[in-house]
Amino acid sequence: MVTVINYADVQGTILRGYRVDLARHFILSITNAAKAGAFLASLIDGTNGFPRITTAHRWTEKPECFVNIGFTAPGLAALGITEQQLATFDKPFQLGATSTTSAANVGDIGDSSPENWIGGLSNGAKVHIVLNLWVDDDPQILEAVTLRLRTAFAPGGLTELSAHDAHALPDNHVHFGYRDNIAQPTVIGAPPRKRKIPDDQPPVATGEFLLGYPNQGNGTYSVQPPELSKNSSYAAFRIIEQDVAAFDAFLAEYAEKAGVDVETLAAKVCGRWRNGNPLELQPDAPGEPLPNSQINNFTYVSPDATKDDTLGLRCPIGSHIRRNNPRNAAITGTDSTHHRIVRRAMPYGPAYDPAKPDSIPRGLIGYFINASISNQFEFITEQWNLDSKFVKAATGPGGKEAGNAFFNISGEDVFLGVNDPADSSFTLAALGAKGKNNTVITGFSRTITTRGGAYVFLPSISGLRYLAALPNQAGM
Ligand code: HEM
């Protein structure tokens, strides 16, 4: 059956990458619901000099800016969504990113604890809206649209708690030096990516990214009231600080300990060389960047012995990309199409120059989009990034004596794990029964800290219209 999505009813960032260089994310609190409703109404249609909410509809001329909007559970409540209705939403969304449950699930503890978050994000009850503005590469447009929005916040019944900027680094690189923005799920019914990067993975059911469509489990995520359900989605908004000097120091120290060069260890912890080439296709050296037609076209477990990497000898089972999308049920015991996410994040802060060390905050900021935060963002983080035990027994072509995947992963994700030196570890696998020839590095610290977060609901355009009118109906 062909899935037809009404793109004009879907917020653009869910299904489209805007391919822009600049972003500004406003964190807002609603102080007057009726006025906020009117603000929202102007934004939906781009009236009163407002930029218009960007939909997934195809544009003939690229807009000068892209705008999307997400609401937290307290934000929906402030507009008049009732407690009974909110109880039908995804559980982590109801609890909010600052809840102790969610924080524990995703490793937001210690320095990363919500109580330490910046820009008012630590007070989850007051964070109502994340308003996103993206601009191609013209800072003047960013400032002009910002001015227009800021002038409207107070009369729109909104208080700005903070704003967070991001900007693309050359060639889609992120701090730590890796090329990013390669792998994204192919969502059934979504507009095709302009920059085609084919893979051999199954397309993912629309319902994993939009409410109201069948998902991979043949169920349908939905919420009450029905006006908010179809074509809406959820996202984890994250501000993740990266300590580049600490990561470089980790690579230098542990490459020596593991007996490999720095670039090899950098590739092993990620699963890709810093130029984006995957270890599965380029196991020994980075090589020249592969064309887009090849760079994501691989899997980890294959009946073809020349391609099979069940044991993680080429790409460690505990590497960032393999943990976050194991691509194949053979090792995880679950099909990863149930847990895919769309990533819309961009670096913030200046590129780090090791010749001029500084402590300016830098990292990654943006959305991790899914139709179920519990089954996707939180599942991936809790079950795969912060745990190694998801790997089921699986032997490669050489049988038990050659090794078993179960023994070839340890610790947490090097990027996203909590990585307390007391028990952090990462395994570089080698052939041999029960991991006897593996190299395991231990005792390293976390180099990434969560600085902020919010779980938001990204309503459909018709859902936004419903929300805009709600405070007046409810007499708020
Ligand atoms: C500062 C933090 C992070 C850094 C530096 C980082 C870095 C990277 C890099 C370099 C890639 C490979 C490029 C690509 O395949 O497009 C990647 C892929 C990926 N990352 Fe992250 N990432 C970060 C945070 C996260 C978070 C918070 C999640 C979600 C929990 C996540 C999930 C993924 C996924 C799903 C992929 C694609 C895997 C695939 O399909 O092969 N990442 N990341």
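Here a biologist and a modeller talk through a predicted model.

Biologist: Let's start with the domains. How do you know that domain 1 and domain 2 touch?

Modeller: The assignment gives domain 1 as 7-240 + 452-473 and domain 2 as 244-334 + 387-447. Contact means heavy atoms within 4.5 Å, and 18 residues of domain 1 are in contact with 23 residues of domain 2. Their centres, taken over C-alpha atoms, are separated by 32 Å.

Biologist: How much area do domain 1 and domain 2 bury between them?

Modeller: About 1,800 Å², with 55% of it on carbon and sulfur atoms. On the domain 1 side, Phe-176, Tyr-178 and Arg-179 lose the most area to domain 2, together 40% of what that side buries.

Biologist: And what makes you say the largest nonpolar core lies between the two domains?

Modeller: Both domain 1 and domain 2 give residues to this core, so it lies between them. The core has 131 residues, and Phe-93, Leu-131 and Phe-250 have the most contacts inside it. Helix 8 (residues 244-258) gives the largest share, 7 residues.

Biologist: What does Phe-93 touch?

Modeller: Leaving out residues up to four places away in sequence, its partners include Phe-71, Leu-76, Leu-86, Tyr-234, Ile-373 and Phe-457.

Biologist: On to helix 9. Why is helix 9 called largely enclosed?

Modeller: Buried means under 20% relative accessible area. In helix 9, 7 of the 9 residues are buried, so the helix is largely enclosed by the rest of the structure. Those buried residues are Thr-264, Leu-265, Ala-266, Ala-267, Lys-268, Val-269 and Cys-270. Helix 8, helix 11, strand 8 and strand 9 (439-442) are among the elements that cover them.

Biologist: What happens at the ends of helix 9?

Modeller: Asp-261 caps the N-terminal end, with a side-chain oxygen 3.1 Å from the backbone nitrogen of Glu-263. After the helix comes Gly-271, whose phi is positive, near 100°.

Biologist: Gly-271 is a glycine. Which residues other than glycine have a positive phi?

Modeller: Arg-327, at about 65°, is one of them, and Asn-419, near 45°, is another. They stand out because most residues other than glycine have a negative phi. Arg-327 is in the loop between helix 11 (320-324) and helix 12 (329-332), while Asn-419 is in the loop between helix 13 (377-385) and strand 8 (425-428).

Biologist: Are Arg-327 and Asn-419 buried or exposed?

Modeller: The cut-off for buried is under 20%. Arg-327 has 11% relative accessibility, so it counts as buried. Asn-419 has 3%, so it counts as buried too.

Biologist: What makes the bond between Gln-224 and Pro-225 a cis peptide bond?

Modeller: Its omega is about 0°. Pro-225 sits in the loop between strand 4 (158-167) and strand 5 (233-242).

Biologist: Now the charged side chains. Why is Glu-280 called buried?

Modeller: Its relative accessibility is 8%, which falls under the 20% limit, so Glu-280 counts as buried. Glu-280 is in the loop between helix 9 (262-270) and helix 10 (292-295). Beyond its sequence neighbours, its contacts include Phe-298, Tyr-300, Lys-307, Arg-314 and Arg-322.

Biologist: How do you know that Glu-280 makes a polar contact with Arg-314?

Modeller: A polar contact needs N or O atoms within 3.5 Å, and the two side chains come to 3.0 Å.

Biologist: And why is Asp-45 called partly exposed?

Modeller: Partly exposed runs between 20% and 50%; Asp-45 has 31%, so the label fits. Asp-45 lies in helix 2 (residues 33-45). Its side chain makes a polar contact of 3.0 Å with the side chain of Arg-465. Asp-45 and Arg-465 are 420 residues apart along the chain, with their C-alpha atoms separated by 9.6 Å.

Biologist: Last one: which residues come nearest to the ligand?

Modeller: Of the 25 residues around the ligand, Ile-182, His-320, Asn-325, Arg-327 and Arg-343 come nearest. An N or O atom in the side chain of Arg-343 is 2.7 Å from an oxygen atom of the ligand. A polar side-chain atom of Arg-272 lies 3.2 Å from a ligand oxygen, and one of Asp-180 lies 3.4 Å from a ligand oxygen. Each of these distances is within the 3.5 Å limit.

Notes. Residues numbered from 1 in each chain as written. Predicted model: local features only at pLDDT ≥ 70, side-chain atom pairs only at ≥ 80, totals over all residues. Heavy atoms only, no water. Helix = DSSP H or I, 4+ residues; strand = E, 2+ residues; numbered from the N terminus. Buried < 20%, exposed > 50% of the residue type's maximum accessible area, 1.4 Å probe, protein only. Core = buried A, V, L, I, M, F, W, Y, C linked by side-chain atoms within 4.5 Å. Domains from an automatic or database assignment. Polar contact = N/O pair within 3.5 Å; in protein donor to acceptor, adjacent residues only side chain to side chain. Near = heavy atom within 4 Å. Buried area = accessible area lost by both parts, 1.4 Å probe.
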